[in-house]
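Let's take a walk through the hollow spaces of this protein and see what lines them. The ligand gets its own stop along the way.

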Amino acid sequence: MTPFKIAIAGLGTVGGGVVKALAARGEDLSTRAGRKLEIVGVSARDANKARGFAVTNFTPDPLTLASGDADLVVELIGGDEGMARQLVETALANGKHVVTANKALLARHGKALAELAETKDVALKFEAAVAGGIPIVKTLRESLVAYEVQAVKGILNGTCNYILTEMEATGAGFAEVLKQAQAKGYAEADPALDVGGGDTAHKLALLAALVFGTAPELASMPVEGIEQITAADIHFASEFGFRIKLLGVARRTSQGIEQKVHPAMVRTRSPLANVDGAQNGVLVDAGAAGPFFFSGRGAGEAPTASAVISDIVEAAAGAFRPAFGRPAARLAALGPAPAGAAVSPWYLRFEVLDVPGVLASIAGSLSEAGVSIESMIQRGRAPGEGVAIVMITHDAPQSAVERALKVIAASDKVRARPCMIPMEAA
Ligand SMILES: NC(=O)c1ccc[n+]([C@@H]2O[C@H](COP(=O)([O-])OP(=O)(O)OC[C@H]3O[C@@H](n4cnc5c(N)ncnc54)[C@H](OP(=O)(O)O)[C@@H]3O)[C@@H](O)[C@H]2O)c1
């Protein structure tokens, strides 16, 4: 059989890992693919960079890879516009299979790219775009299809999970732990996309599309990061038997599909609560088939290259399905649940002046909004410094809690913006 020709654009962490793994295990991978896998071209910005592996067939312009004789183009440049988008569109338009790890690109342009791939009868595969080495894309696209999946919840950003884990272990604040994470290479110099929840949102949009048969959709997704989480919140969470995790949650509700990214209180006995450090975890409520939990390394050279290579081998073997599991034309608009409709118990923290009547007035505002309190902790600080009041509510709609907190925050006895964190059932 003729060799299967591969072109790789981007030779950084992931691209370098793919080149090295193909060199090290090419023979077995070719056997699995049924065809010899051959790299016919590579591209990056800097031709002369020392990369720690042999660079052959280098071209300075990635677009030449999309018009050459490659059967498949691997896009590992990154970014939702610019060269990455142009390369993927050109490669697909020229009838080449595409494998990418680019969640930002697919979250924004996934449906159009999937349509283009189908028109040309080529693969568009993205296992590495979500949860690194965990094979969750294939699982949701091909395995958990018999019963209607009700929800998917994930710890999808290793940087956030590392920071929250370290905050819990050391008692240090967010800013201090972020600095340490940057020094150790666990956080980018510009951490905004990670700690602000944007990266988790991109990945969640792809998981939701696979599960619900909808086009990836970001516009209606509320996204909150971990910047406002304090060491005190983490401490109080543990007193109540919970840990704080940044979750991406997508679920069916009677009012539509709920998609959101936010810090959540997760019971310590839940598998998600025990995903530590830079690991990722995904919990799938697969309806009658039951819950399934997946965990492992969500980023880094080897786990991500592992996912990219599984896609390459499948495309080479001719085994590919529509990118999101259904024909792109059948991907419906999301139909989001109304904002604020989510119902759960809530963790609330108030920083207040230690004067008579404050507690009664907070309880009164919550009660007026129809929010009832299940338990409460009050902790004093040094005299004159105020106190923290922490409450756990019974089930309440987000909009009702927000309404009460708006009233409470306006009081001159309240020293800081109140904190509200939903409590996840599992
Ligand atoms: N790193 C991870 O753990 C991980 C995990 C999951 C998904 N991803 C995704 O994988 C993709 C790649 O990430 P990465 O961490 O490997 O990034 P990276 O280390 O920054 O590598 C990016 C590569 O793209 C090249 N590049 C950038 N702009 C280019 C341009 N205009 N033309 C040609 N080449 C260009 C760079 O060239 P130079 O080397 O010459 O600068 C570099 O080789 C991204 O979409 C990312 O979101 C990464």
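Helix H6 (158-170) and strand S7 (242-253) each give at least two residues to the lining of the largest cavity. Helices here are DSSP runs of H or I with at least four residues, strands are E runs of at least two, and both are numbered from the N terminus. This is a predicted model, so to speak of local features takes pLDDT of at least 70 and side-chain atom pairs count only at pLDDT 80 or more, while totals for chains, interfaces and linings use all residues. Residues are numbered from 1 along each chain as its sequence is written, and side-chain values use heavy atoms, with hydrogens and water left out.

The structure has 1 cavity of 30 Å³ or more, and the largest cavity holds about 40 Å³ of space. Its lining is made up of Leu 164, Thr 165, Glu 168, Ile 234, Arg 243, Ile 244 and Lys 245. On a 1 Å grid over the protein atoms alone, a cavity is a set of points where a 1.4 Å probe fits but cannot get out; a pocket is an open set with protein on both sides within 12 Å along at least five of seven lines; lining residues have an atom within 4 Å of a point. Grid points are joined across faces, edges and corners, and a volume is the space filled by probe spheres set on the points.

Now for the pockets. The largest pocket offers about 1,500 Å³. It is lined by 49 residues, and Thr 13, Val 14, Ile 77, Lys 103 and Glu 188 are the closest to its centre. H6 turns up again here, supplying at least two lining residues, as do helix H1 (13-33) and helix H4 (103-119), among others.

The second largest pocket has about 750 Å³ of space. Of its 37 lining residues, Glu 224, His 262, Gln 398, Glu 402 and Met 420 are the closest to the centre. Strand S8 (256-267) is one of the contributors, and its 7 residues are the largest share of that lining.

Here are the linings by class (Ala, Val, Leu, Ile, Met, Phe, Trp, Tyr, Cys and Pro count as nonpolar, Asp, Glu, Lys and Arg as charged, and the others, Gly among them, as polar).

| Space | Nonpolar | Polar | Charged |
|---|---|---|---|
| Largest cavity | 3 residues | 1 residue | 3 residues |
| Largest pocket | 19 residues | 18 residues | 12 residues |
| Second largest pocket | 21 residues | 8 residues | 8 residues |

Which space does the ligand take? The ligand occupies the largest pocket, where sitting in one needs more than half of a molecule's atoms within 2 Å of the grid points. Around the ligand are 22 residues, with Leu 11, Val 14, Asp 46, Arg 51 and Gly 300 the closest; a residue counts if one of its heavy atoms lies within 4 Å. A polar backbone atom of Gly 300 is 2.7 Å from a ligand oxygen atom, and a polar side-chain atom of Arg 45 is 3.0 Å from one.

Key:
A polar contact is a pair of N or O atoms within 3.5 Å; within protein, one must be able to donate a hydrogen and the other to accept it, and residues adjacent in sequence count only if both atoms are side-chain atoms.
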